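Here is a friendly walk through one model, looking at how helices pack and how charged side chains pair. Please have the viewer open as you read.

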Amino acid sequence: MISSWRLRSSFRVLWSVLRGYLGVAASRRARVVADRGTLEDFLASRSSHVAQTSLYGYLRARAGTRFPELFADEEFSRSINIAKWQVWLACLSDLSIYAGGLVAQRDRNAVGEVGQLMCTSVEAILSATGVPPDTGPEFTVEADRLRRRLRACHWPVVQDDETPFSESPAALVRFAPVVDEFKRQDEEIVKNSVRFRWQEVRRDFRGQLDAAALMASARVVGQRDGSSDDRA
């Protein structure tokens with residue numbers, strides 16, 4: 001039986017966690033994606049929102065009324081943190097592929113430049129994130145796999161549908177700290193729940209993307225950086 005003190009403590013930890021990921025949703029603004037800054041903000045914030053709501057939603061559904069108690073278990077809390085970062089990387093991977101594909105569709109003249117834009121933007125996000133202390137040993141491995149996926153992507157064939165979102169549903173099933181028997185039972189439902197969460201994100205990106213302005217801004221930054229390199 002968990003003590004009353006530990007239960008109160010677990011509720012405080014749980015509320016801190018939930019407030020963090022609910023804050024991601026609350027702080028979202030319908031900003032036009034017209035430069036690298038707004039693109040990176042969209043990719044990072046929406047990936048975090050989908051990763052955390054999907055993970056905590058699954059754990060809450062499986063644990064029921066015992067959900068707050070889980071945060072009083074240090075080992076389980078570590079497992080949640082590891083899962084959170086791994087699912088975030090998978091979400092960032094999927095959303096980056098989708099976003100780059102939509103840019104390529106809307107600005108056909110920029111198809112050859114989209115890969116550089118997406119690789120540079122994602123690298124900036126990964127550099128800002130670093131290697132979080134509460135993640136597991138597979139974080140850097142998955143980050144490198146994300147980089148390879150971007151470099152290998154053929155942007156003109158990326159569809160404006162759910163097909164780019166192949167990594168995040170599988171990552172939630174793989175990394176969620178749930179016993180394997182339950183995962184096997186839940187797999188299809190869990191994957192579909194992640195795909196469903198991406199629908200709103202796709203609608204938002206369609207509405208907020210100004211592909212021509214984004215690529216024009218990227219070219220200006222590239223020329224400026226190139227000039228700086230030449231002067232150096």
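## Helix packing and salt bridges

Helix 2 passes helix 4 in a right-handed crossing, meaning that the near helix is turned clockwise from the far one by less than a right angle. This is a predicted model, in which local features need pLDDT of at least 70 and side-chain atom pairs count only at pLDDT 80 or more, while totals for chains, interfaces and linings use all residues. Residues are numbered from 1 along each chain as its sequence is written, and side-chain values use heavy atoms, with hydrogens and water left out. Helices are DSSP runs (H or I, at least four residues), numbered from the N terminus.

Two packed helices are described by the angle between their axes and the distance between the axes. Here the axes of helix 2 and helix 4 (residues 74-106) come within 8 Å and cross at roughly 135°; axes are lines fitted to C-alpha atoms over the stretch in contact, with angles from 0 to 180 degrees between N-to-C directions. Helix 2 and helix 4 are therefore oblique to each other, a class left over once angles under 35 degrees (roughly parallel), over 145 (roughly antiparallel) and 65 to 115 (roughly perpendicular) are taken out. Among the residues making the contact (heavy atoms within 4.5 Å) are Phe42, Arg46 and Leu59 of helix 2 and Phe76, Trp88 and Ala99 of helix 4. The residues of this contact divide into 17 nonpolar, 4 polar and 2 charged, where Ala, Val, Leu, Ile, Met, Phe, Trp, Tyr, Cys and Pro count as nonpolar, Asp, Glu, Lys and Arg as charged, and the others, Gly among them, as polar.

Now to the charged pairs. The structure holds 16 salt bridges, each a side-chain nitrogen of Lys or Arg within 4 Å of a carboxyl oxygen of Asp or Glu. The table lists some of them.

| Salt bridge | N to O distance |
|---|---|
| Arg46 and Asp204 | 2.8 Å |
| Asp186 and Arg62 | 2.9 Å |
| Glu167 and Arg145 | 2.7 Å |

Arg46 of helix 2 (residues 36-63) pairs with Asp204 of helix 8 (residues 180-208), 158 residues apart. Arg46 is buried at 3% relative accessibility, whereas Asp204 is partly exposed at 21%; buried means under 20% relative accessible area, exposed over 50%, and partly exposed in between (1.4 Å probe, protein chains only).

Asp186 in helix 8 and Arg62 in helix 2 form a salt bridge across 124 residues of the chain. Asp186 is buried at 11%, and Arg62 is partly exposed at 34%.

Glu167 also joins a network of salt bridges with Glu138, Glu142, Arg145 and Arg174. Within this network, Arg145 is partly exposed at 35%.

Definitions and conventions. Helix = DSSP H or I, 4+ residues; strand = E, 2+ residues; numbered from the N terminus.
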